[in-house]
Each structure stands twice: as structure tokens, then as C-alpha cells.
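This report describes a single protein chain and follows its charged pairs, its sheet and some of its contacts. Please keep the sequence and the model in view while reading.

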Amino acid sequence: MIDYIRELSIEGVHCQLEIEGMQGREYKLRIAPVIPWPDNGETAALMLKSAGLNQVEWTISGPFDPVNRQNLLEILEHNWKRETLPTDKESEELSKVVRSLTAHYINPAVTELSNAGFPDDAIPHFRQFAEEDYAFTIGLTIAEFWEWKREKK
């Protein structure tokens with residue numbers, strides 16, 4: 001099931017970005033030209049060539065990737081021990097923590113995609129999707145982590 005669809009222009013070619021994997025272990029990204037009429041695939045191939053796309057599918061770690069989850073829990077544990085995480089009542093501080101952790105995961109993913117030939121024109125659209133997905137996941141994880149720590153006391 002496709003979780004996110006966005007139409008965009010890549011080098012003047014009307015395309016569609018599809019992302020699967022919200023709240024999952026990995027994201028599957030696809031870019032396809034939007035063809036106004038059915039054909040045998042030749043038009044799509046020409047459109048992709050004119051957009052400079054040699055690749056139309058990418059896979060990248062999502063918020064529930066085991067390495068990302070372990071890394072996030074280690075960061076939370078480290079900060080808990082140093083008492084630098086905010087309390088539930090400090091919503092602005094919580095927001096800063098979520099934004100910071102989101103950037104920690106999204107910026108390397110964007111670099112990895114860019115290095116793998118993902119088009120620059122599609123990066124802001126991927127970033128918007130991933131930031132919202134990661135922020136939601138991280139917010140839930142922080143809440144679960146704090147609850148678990150309170151129960152352990």
C-alpha cells in the first residue's frame with residue numbers, strides 16, 4: 001500500500017513520487033513519469049531519460065529499522081541518565097528534542113539517497129514525509145520510554 005504520493009517536476013518532466021513503509025522498517029520510494037495517455041512504455045522510458053533518471057526505485061531505513069530503534073533507545077537512555085530530557089510538562093523542550101532526533105535520522109538518509117541518484121527535485125518531498133513519520137515515531141517512543149522508566153522506579 002502506498003502511504004504517500006506527491007506529484008512533482010523533475011527536469012521539467014511531470015512525475016509522481018510514491019513512498020511505502022510509514023512507521024515501518026524501511027521506506028520504498030518510486031518515481032514514475034505521469035503519462036497523460038496509455039502507451040507501451042516507450043513514452044515513459046523517454047520521459048525518464050529526459051529527466052535524467054537512471055534509477056526509479058530506492059530503499060532506505062525507516063523509523064522501525066532495528067538499528068535506528070536501538071540507536072534511539074541508547075540516546076534516550078544516555079540522556080535520561082544525564083537528566084537532560086524534558087518532563088512531560090515542558091512541551092517546547094520536548095518539541096526541540098523531537099526535532100533534533102528527527103534531524104539526526106533524516107539528514108543522513110537524505111545524503112544516502114542523494115548519493116544513490118535520488119533526484120534533488122524529489123528530496124524536499126521525501127524529507128517532508130520522513131520528518132513527519134519520524135517525529136511521530138520518536139514522540140511515541142519518548143512517551144513509552146518515560147513511562148517504562150517511571151514504572152521501574
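E18 is buried, at a relative accessible area of 16%. This value comes from a predicted model, as do all the others in this report.

**Salt bridges**

How many salt bridges does the structure hold? There are 3. In one of them E18 is paired with R30, and the closest N and O atoms are 3.3 Å apart. This pair links distant parts of the chain, since E18 belongs to strand β2 (residues 13–20) and R30 to strand β3 (residues 26–33), 12 residues apart.

R30 also meets the side chain of E20 in a salt bridge, with an N to O distance of 2.5 Å. E20 lies in strand β2 and R30 in strand β3, so this pair ties together parts that are 10 residues apart in sequence. Is E20 buried or partly exposed? Its relative accessibility is 21%, and E20 therefore counts as partly exposed. The cut-off for buried is under 20%, so E18 at 16% is classed as buried.

The remaining salt bridge joins E131 and R127, whose closest N and O atoms are 3.8 Å apart. Both residues lie in helix α4 (residues 123–152), 4 residues apart, which is about one turn of the helix. E131 is partly exposed, with a relative accessible area of 34%. R127 is partly exposed as well, at 25%. As for shared partners, salt bridges join E18, E20 and R30 into one network.

**The sheet**

In what order do the strands of the open sheet stand? The 4 strands follow the order β1-β2-β3-β4, with antiparallel pairing. β1 (4–10) and β4 (57–61) are the edge strands, each with a single partner, so one side of each is left without a neighbour in the sheet. On average, neighbouring strands of this sheet are turned by 25° against each other, with direction ignored.

The antiparallel pairing of β1 with β2 extends over 7 bridges. One bridge partner in β2 is C15, which is matched with L8. Between β3 and β4, which also run antiparallel, there are 5 bridges. Here R30 has E57 as its bridge partner in β4. R30 thus has a backbone partner in E57 in addition to its salt bridges with E18 and E20.

Which side chains of β4 are buried? The side chains alternate along this strand: W58 and I60 point to one face and are buried, whereas E57, T59 and S61 point to the other face and are not.

**Helices and contacts**

Helix α1 (residues 42–50) lies across β2 and β3, and runs at about 105° to β3. The loop between α1 and β4 contains A51. Leaving out residues up to four places away in sequence, A51 touches I10, E11 and V13. A51 and E132 are separated by 81 residues in sequence and by 28 Å in space, C-alpha to C-alpha.

H125 is part of helix α4. Apart from neighbours within four places in sequence, H125 is in contact with Y4, R6, L8 and L17. L8, one of these contacts, is also the residue paired with C15 in the sheet.

T111 is found in helix α3 (residues 91–115). T111 and I123 are 12 residues apart in sequence, and their C-alpha atoms are 9.6 Å apart in space.

The accessibility of three residues from this section is listed below.

| Residue | Relative accessibility | Class |
|---|---|---|
| A51 | 6% | buried |
| H125 | 18% | buried |
| T111 | 44% | partly exposed |

**Confidence**

The average pLDDT of the chain is 88, and 92% of the residues score at least 70. Where is confidence lowest, and where is it highest? The lowest mean, 83, belongs to helix α2 (residues 66–82), and the highest, 97, to β4. The alternation of buried W58 and I60 with E57, T59 and S61 is therefore described in the strand with the highest confidence. Where pLDDT is low, the predicted coordinates should not be read in detail.

Technical notes
Residues numbered from 1 in each chain as written. Predicted model: local features only at pLDDT ≥ 70, side-chain atom pairs only at ≥ 80, totals over all residues. Heavy atoms only, no water. Salt bridge = Lys/Arg side-chain N within 4 Å of Asp/Glu carboxyl O. Helix = DSSP H or I, 4+ residues; strand = E, 2+ residues; numbered from the N terminus. Buried < 20%, exposed > 50% of the residue type's maximum accessible area, 1.4 Å probe, protein only. Pairing = 2+ DSSP bridges. Axes fitted to C-alpha atoms, helices over the stretch in contact; angles between N-to-C directions. Contact = heavy atoms within 4.5 Å. pLDDT = per-residue confidence, 0-100.
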